[in-house]
There are 2 protein chains.
Amino acid sequence: MSRRVRVGLLGCGNIGTTFALTVRESSERLAALTGLQIELTRIAVRDKDKPRDRGLPAELFTTDPDDVVAADDIDVVVELMGGIEPAGELLLVALGKGKPVVSANKELVANRAPELYRTADEAGVDLLFEAAAVAAVPVVRTLRESLRAEPLRRLVGIINGTTNYILSAMSERGLEYGAALAEAQQLGYAEPDSDADISGKDAASKLAILASLAFGMHLSAADVLAEGIESVDAEDFVIAKRYGFEIKALAVAESWPEGSTSLEVFPSLVAEQHPLAKVRGSYNAVAITGALCGELMVYGAGAGREATTSALLGDLVDAADNLARGTHRRVPVHRPARLRPRDEVDCAFYLKLRVLDEPGTLSAVSSVLGRHGVSIRFVEQENSERQTELVFFTHPTTLRDMDAARAELVQLPEVLELIRALRVL
Amino acid sequence: MSRRVRVGLLGCGNIGTTFALTVRESSERLAALTGLQIELTRIAVRDKDKPRDRGLPAELFTTDPDDVVAADDIDVVVELMGGIEPAGELLLVALGKGKPVVSANKELVANRAPELYRTADEAGVDLLFEAAAVAAVPVVRTLRESLRAEPLRRLVGIINGTTNYILSAMSERGLEYGAALAEAQQLGYAEPDSDADISGKDAASKLAILASLAFGMHLSAADVLAEGIESVDAEDFVIAKRYGFEIKALAVAESWPEGSTSLEVFPSLVAEQHPLAKVRGSYNAVAITGALCGELMVYGAGAGREATTSALLGDLVDAADNLARGTHRRVPVHRPARLRPRDEVDCAFYLKLRVLDEPGTLSAVSSVLGRHGVSIRFVEQENSERQTELVFFTHPTTLRDMDAARAELVQLPEVLELIRALRVL
């Protein structure tokens with residue numbers, strides 16, 4: 001039972017270094033757990049001469065990724081390169097040669113899962129990627145295994161730590177968006193180039209991965225409609241709080257009764273009592289609703305070198321153990337995507353308009369909303385020295401009706417500006 | 001790939017009925033997911049003549065459990081009988097005959113896991129029990145698979161819905177314990193006989209299961225020190241809130257640096273910002289702390305027929321699929337238990353004493369605490385017409401020192417009564 005499992009690593013940045021050191025330090029413990037000698041055998045990097053952690057001997061490194069994916073002395077491949085290519089082609093080589101793959105690459109899994117699954121299945125080996133979505137939060141395995149047999153209805157996540165840090169700082173300390181972003185960058189919660197986070201692109205990849213597993217459908221990042229958080233300002237938080245709401249960047253996947261799915265990332269008001277409203281700072285969480293399981297939530301660190309290593313290590317032990325027993329995890333059976341047109345998605349809204357301070361304004365605005373079937377839950381008029389604002393909370397309406405109402409509202413002479421339209425969870 | 005998997009069920013109460021109907025209704029969906037014909041073939045019950053749901057034909061039922069555990073036409077056994085015997089002996093027969101077992105039986109798994117594991121491992125079949133601890137909350141698989149390779153430090157759970165419902169009602173609506181218990185019973189959140197819940201016995205079984213998986217140690221319900229919630233009163237909530245705390249019934253398992261483990265169930269003050277403080281009503285949650293994963297939390301419905309069926313269904317599909325592929329989940333490798341003496345566990349405390357309203361009382365009490373190394377974080381004196389009370393919040397101290405201090409305090413002539421001693425998380 002003391003079979004060797006030789007691990008090859010693609011990529012050795014921050015996470016790769018922590019992972020590689022952890023595997024080397026854990027060999028005794030992993031052997032006691034699994035009866036396997038799990039050894040880090042080789043690491044492919046772009047630049048062999050870059051200074052590395054002293055715990056990683058120079059002879060581990062190669063600049064030729066084929067020394068990992070195609071080599072006879074590598075049993076399992078762990079991929080931490082990121083990016084769709086060349087990672088995708090390399091992993092197809094590895095899987096094709098019967099090597100199980102553990103990947104933390106969200107872009108790759110969110111865009112090329114069908115091809116990777118097919119190759120893994122044909123070879124009868126594992127393709128595991130817990131680390132590709134929300135790091136240590138155990139949501140991939142929960143969806144892929146625990147809840148696999150159950151029809152799920154909805155998945156709502158806070159799955160980007162940068163935007164959650166920014167919105168938490170705005171909420172808790174009244175910061176404006178720019179100041180909160182600068183702080184997040186200074187503290188290392190946001191990259192200097194944080195476009196992928198702010199725009200929702202990062203969350204879109206993760207949502208595609210999670211929703212594919214939740215609904216058994218091939219969904220890719222391109223199927224996600226993503227809206228950034230840049231427009232939310234400090235005053236939105238003041239108004240939201242007055243009515244018992246937080247503002248969060250949500251990723252929402254929903255399964256509709258006729259078998260279609262909607263996938264969206266957007267800033268949204270969330271009722272303070274909702275468990276997701278309490279997810280603060282760089283923490284992440286995913287709430288899952290199913291017919292049998294009811295409301296579940298998983299919560300934890302969604303990024304970072306240790307959290308990612310935690311997820312990688314769980315998958316590595318699984319893959320190594322399955323390989324040694326000549327088995328592998330079922331590949332999720334995926335149907336082709338069926339997307340619900342965005343138009344037909346229902347949601348309640350928070351609307352803020354700058355308007356003329358004149359009799360008849362409220363009536364004109366309400367009448368446009370009413371004509372498009374948008375029913376008003378409550379309305380508030382704010383008069384300051386500078387301007388008059390109307391804030392509406394609506395009942396749920398389709399996005400089609402809301403879009404039509406908005407298009408008409410901005411044409412009204414009484415409406416100076418449609419300042420904000422945010423959804424309400 | 002359309003191999004049949006014939007399921008035999010032991011027990012058919014509320015949960016069994018929901019589970020049996022769900023399996024029958026889901027056969028097409030499960031076949032599409034797994035390529036297997038998962039069929040409910042037989043149900044062993046005590047009383048065959050009891051009126052049953054009309055969706056379950058009479059010919060499914062037998063009164064002889066051997067028709068399930070020993071029969072050649074049963075491939076997988078699902079056990080919902082509860083109780084240690086005869087369930088334990090029956091499952092040993094089933095496993096011995098090479099039938100994978102899915103069980104929701106917390107008492108059995110918490111008390112006889114080593115023997116069951118050994119038999120399952122020898123037969124090379126699955127023993128799965130997600131439903132035995134916190135129902136649909138996906139914590140068993142998370143500990144057994146995702147976090148298996150990682151050394152965990154601590155597990156803190158709210159894992160009994162009845163006590164959490166009672167304490168939530170006391171906290172939110174100021175009810176006294178008796179009124180909250182009566183309400184929980186009336187609404188069906190508590191059994192008419194809720195001793196096992198109130199005393200912590202139910203939570204102790206679940207904690208033993210979870211801690212065994214978390215720390216890779218054979219821990220049984222008898223290793224858990226359990227304290228009930230009966231003594232907590234409405235005024236404790238008032239004082240706790242004044243200092244920013246909730247009161248929750250916690251199950252705490254901790255791994256100590258020298259390799260020992262402590263397992264306890266007790267009512268505790270929990271800081272309002274802690275995610276566990278927000279777990280309301282009959283919901284359950286488990287927070288897990290590890291060196292790599294950081295702080296994780298899983299949250300959801302910890303009981304109920306649908307939630308339990310969700311967990312059973314996930315395990316059933318897993319077991320059926322593994323059986324068809326001739327494989328099974330690794331049995332967790334368990335070391336013998338090493339328990340940390342309760343005395344050496346550290347904790348901060350909330351103490352409430354009824355004392356004489358005399359100069360020198362505070363000094364006498366403080367001096368006893370000081371002599372035992374119990375350091376005071378803050379103290380509050382409450383004078384009412386009827387009595388004078390002292391409330392202390394201490395810094396962390398060992399239970400040994402606290403026990404010694406308490407023994408001496410009640411001997412002081414100034415101390416009329418030690419009303420409450422609760423830990424603070």
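In helix H2 of chain B, residues B:Leu30, B:Leu33 and B:Thr34 meet B:Val317, B:Ala320 and B:Asp321 of helix H12 of the same chain. The model described here is predicted. H2(B) covers residues 27-34 and H12(B) covers residues 305-324; the two pack at an angle of about 50°, and their axes are 11 Å apart. That angle makes H2(B) oblique to H12(B). The crossing of the two helices is right-handed.

**The contact between the chains**

Chain B gives 41 residues to the contact, and chain A gives 41 residues. On the side of chain B that touches chain A, the elements giving two or more residues are H2, helix H6 (140-146), strand E13 (294-301) and H12 of chain B. H12(B) supplies the largest share of that side, with nine residues.

**The six-stranded sheet in chain B**

H12(B) also packs on a sheet. In chain B, six strands form an open sheet with parallel pairing, in the order E3-E2-E1-E4-E5-E6. Strand E3 (61-62) and strand E6 (127-128) of chain B are at the edges with a single partner strand each, so one side of each has no neighbour in the sheet. Within this sheet, strand E4 (residues 76-79) and strand E5 (residues 101-103) of chain B pair in the parallel sense over three bridges. B:Glu79 has B:Ser103 in E5(B) as its bridge partner. Helix H4 (residues 87-96) of chain B packs on the sheet and touches strand E1 (4-10), E4, E5 and E6 of chain B, its direction making about 155° with that of E5(B). H12(B) packs on the sheet too, touching E1, strand E2 (37-44), E4, E5 and E6 of chain B, and its direction makes about 160° with that of E4(B).

**The six-stranded sheet in chain A**

Chain A has an open sheet of six strands in the order E3-E2-E1-E4-E5-E6, with parallel pairing. Strand E3 (61-62) and strand E6 (127-128) of chain A stand at its edges; each has a single partner strand, so one side of each lacks a neighbour in the sheet. Strand E1 (residues 4-10) and strand E4 (residues 76-79) of chain A are paired in the parallel sense over four bridges. A:Leu10 has A:Glu79 in E4(A) as its bridge partner. Helix H12 (residues 305-324) of chain A lies across E1, strand E2 (37-44), E4, strand E5 (101-103) and E6 of chain A, and runs at about 160° to E4(A).

After strand E3 of chain A comes a loop that leads to helix H3 (66-69), and A:Thr63 has its place there. Is A:Thr63 buried or exposed? With 11 other C-beta atoms within 10 Å, A:Thr63 is exposed. Its C-alpha atom is separated by 5.1 Å from that of A:Val45, although the two residues are 18 residues apart along the chain. Not counting residues up to four places away in sequence, A:Thr63 touches A:Ala44, A:Val45, A:Arg46 and A:Lys48.

**Antiparallel strands in chain B**

Strand E17 (residues 388-394) of chain B has antiparallel partners. The table sets out these two pairings.

| Strand joined to E17(B) | Bridges | Residues standing opposite |
|---|---|---|
| E15(B), residues 346-355 | six bridges, antiparallel | B:Lys352 and B:Val391 |
| E16(B), residues 376-383 | seven bridges, antiparallel | B:Glu382 and B:Glu389 |

Five of the seven residues of E17(B) are buried, so this strand is largely enclosed by the rest of the structure.

**Backbone exceptions**

Most residues other than glycine have a negative phi, and most peptide bonds are trans. The peptide bond from A:Glu85 to A:Pro86 is cis, with omega near 5°. A:Pro86 lies in the loop between E4 and helix H4 (87-96) of chain A. In chain B, the bond from B:Glu85 to B:Pro86 is cis, also with omega near 5°, and B:Pro86 is found in the loop between E4 and H4 of chain B.

A:Ala135 is not a glycine, yet has a positive phi of about 40°. This residue is in the loop between E6 and helix H6 (140-146) of chain A, and counts as buried with 31 C-beta neighbours inside 10 Å. B:Ala135 likewise has a positive phi of about 40°. The loop that holds B:Ala135 runs between E6 and H6 of chain B, and B:Ala135 is buried, with 31 other C-beta atoms within 10 Å.

**The nonpolar core**

The largest nonpolar core has 288 residues. Those with the most contacts inside this core are A:Leu207, A:Leu210, A:Val286, B:Leu207, B:Leu210 and B:Val286. Leaving aside neighbours within four places in sequence, A:Leu207 is in contact with A:Gly157, A:Ile159, A:Val224, A:Ala251, A:Ala253, A:Leu263 and A:Val265.

Methods. Residues are numbered from 1 along each chain as its sequence is written. Chains are lettered from A and ligands numbered from 1 in the order in which they are written. This is a predicted model: local features need pLDDT of at least 70, side-chain atom pairs count only at pLDDT 80 or more; totals for chains, interfaces and linings use all residues. A nonpolar core is a set of buried Ala, Val, Leu, Ile, Met, Phe, Trp, Tyr and Cys residues joined through C-beta atoms within 7 Å. A residue is buried if 20 or more other C-beta atoms lie within 10 Å of its own, exposed if 12 or fewer, and partly exposed in between; C-beta atoms are placed from the backbone. Two residues are in contact if their C-beta atoms, placed from the backbone, lie within 7 Å. Two strands pair if DSSP finds at least two bridges between them. Axes are lines fitted to C-alpha atoms, for helices over the stretch in contact, and angles run from 0 to 180 degrees between N-to-C directions. Angles under 35 degrees count as roughly parallel, over 145 as roughly antiparallel, 65 to 115 as roughly perpendicular and the rest as oblique. A crossing is left-handed if the near helix is turned anticlockwise from the far one by less than a right angle, and right-handed if clockwise.
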